[in-house]
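Reader: Hey, can you walk me through this one? I'd like to start with the record and then look inside.

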Amino acid sequence: MSAWSQFTAIVKRDLLLEWRARELVLGMLVMTLLTLLIFTFAFDLSGVQRAASGSGALWVAIVFATLLGWGRAVALDRQEGAWEGLLLSPVERPVIFIAKLVSMLVFVTIVELVALLVLAVLFALPVLQPGVLVVVGLGTLGLCTLGTLFAAMTANVRSREVLLPALLFPLAVPVVIGAVRATTLELNGFTGDAAPWKSLLGGFAALFFALGALTFGSVTEE
């Protein structure tokens with residue numbers, strides 16, 4: 001079986017399991033909508049800080065939803081030894097890493113599309129524009145790449161629900177700060193000023209992807 005066939009088989013399995021269960025994306029959606037709703041009442045949306053408030057609320061919701069999604073995805077893979085079976089199969093570890101990353105990107109993207117629509121309504125912000133979508137895509141790629149690596153590292157740890165956010169949050173902070181700043185600038189129409197932040201997000205995404213692809217095999221050997 002070629003690497004492409006192995007990749008598509010893993011992604012199809014993850015998508016099929018979620019299609020049948022509908023618990024991972026649904027849980028992430030509930031978390032995201034609740035977060036956005038709470039921030040709607042917490043912030044003053046009539047002032048000039050509406051864009052900054054909306055950007056912060058959006059990325060807090062995305063981070064929480066991504067973390068919840070990874071925790072649930074690891075638990076599902078651990079059921080009936082699916083994760084161990086995948087590691088024992090003759091599939092190259094980078095293929096597993098990329099397939100798991102793509103599966104989570106699909107789930108998070110679905111949640112983000114709904115979140116952007118809700119944010120546009122609640123905060124009255126023009127979020128559905130190319131600049132904002134690019135920022136969301138780059139930030140999500142960085143977060144999901146880190147999450148894929150650390151979820152694999154903590155898959156066999158008993159206290160992984162605590163350890164995963166403890167490992168993920170410190171390294172995700174630069175991505176979140178850059179994403180919030182770039183989203184705010186895009187929403188205020190300062191596309192040129194947002195370009196360095198988008199380059200930073202792209203750099204983080206490329207760095208984390210290379211790091212994950214190179215070390216995924218080592219961390220899953222433990």
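Reader: Okay, which residues does the UniProt annotation "transmembrane region" cover?

Author: The unreviewed UniProt entry puts that annotation on residues 21–43, 55–76, 97–125, 131–150, 162–180 and 200–219. UniProt positions are in the numbering used here, feature names are shortened, and annotations may be inferred rather than shown by experiment. Residues are numbered from 1 along each chain as its sequence is written, and side-chain values use heavy atoms, leaving out hydrogens and water. This is a predicted model, where local features need pLDDT of at least 70 and side-chain atom pairs count only at pLDDT 80 or more, while totals for chains, interfaces and linings use all residues.

Reader: How much of 200–219 is helix?

Author: That span is 100% helix and 0% strand, with its end C-alpha atoms 26 Å apart. Helices (H or I, at least four residues) and strands (E, at least two) are DSSP runs, numbered from the N terminus.

Reader: And what about 97–125?

Author: Residues 97–125 come out as 90% helix and 0% strand, and the end C-alpha atoms are 36 Å apart.

Reader: New topic: how many residues are in the largest nonpolar core?

Author: It has 61 residues, and Trp83 and Ile96 are among those with the most contacts inside it. Such a core is a set of buried (under 20% relative accessible area, 1.4 Å probe, protein chains only) Ala, Val, Leu, Ile, Met, Phe, Trp, Tyr and Cys residues joined through side-chain atoms within 4.5 Å.

Reader: What does Ile96 touch?

Author: Ile96 touches Ile10, Leu86, Leu87, Val91 and Phe216, leaving aside residues up to four places away in sequence. Contact means heavy atoms within 4.5 Å.

Reader: Any holes? How many cavities of 30 Å³ or more are there?

Author: There are 3, and the largest has a volume of about 90 Å³. On a 1 Å grid over the protein atoms alone, a cavity is a set of points where a 1.4 Å probe fits but cannot get out, and a pocket is an open set with protein on both sides within 12 Å along at least five of seven lines; lining residues have an atom within 4 Å of a point.

Reader: What lines the largest cavity?

Author: Its lining includes Trp70, Asp77, Trp83, Lys100 and Phe216. The largest share, 4 residues, comes from α3.

Reader: And how much space is in the largest pocket?

Author: About 270 Å³. Of its 17 lining residues, Asp14, Leu17, Ala73, Leu76 and Asp77 lie nearest the centre. The largest share of that lining, 5 residues, comes from α1.

Methods: Points joined across faces, edges and corners; volume = space filled by probe spheres on them. Buried < 20%, exposed > 50% of the residue type's maximum accessible area, 1.4 Å probe, protein only.
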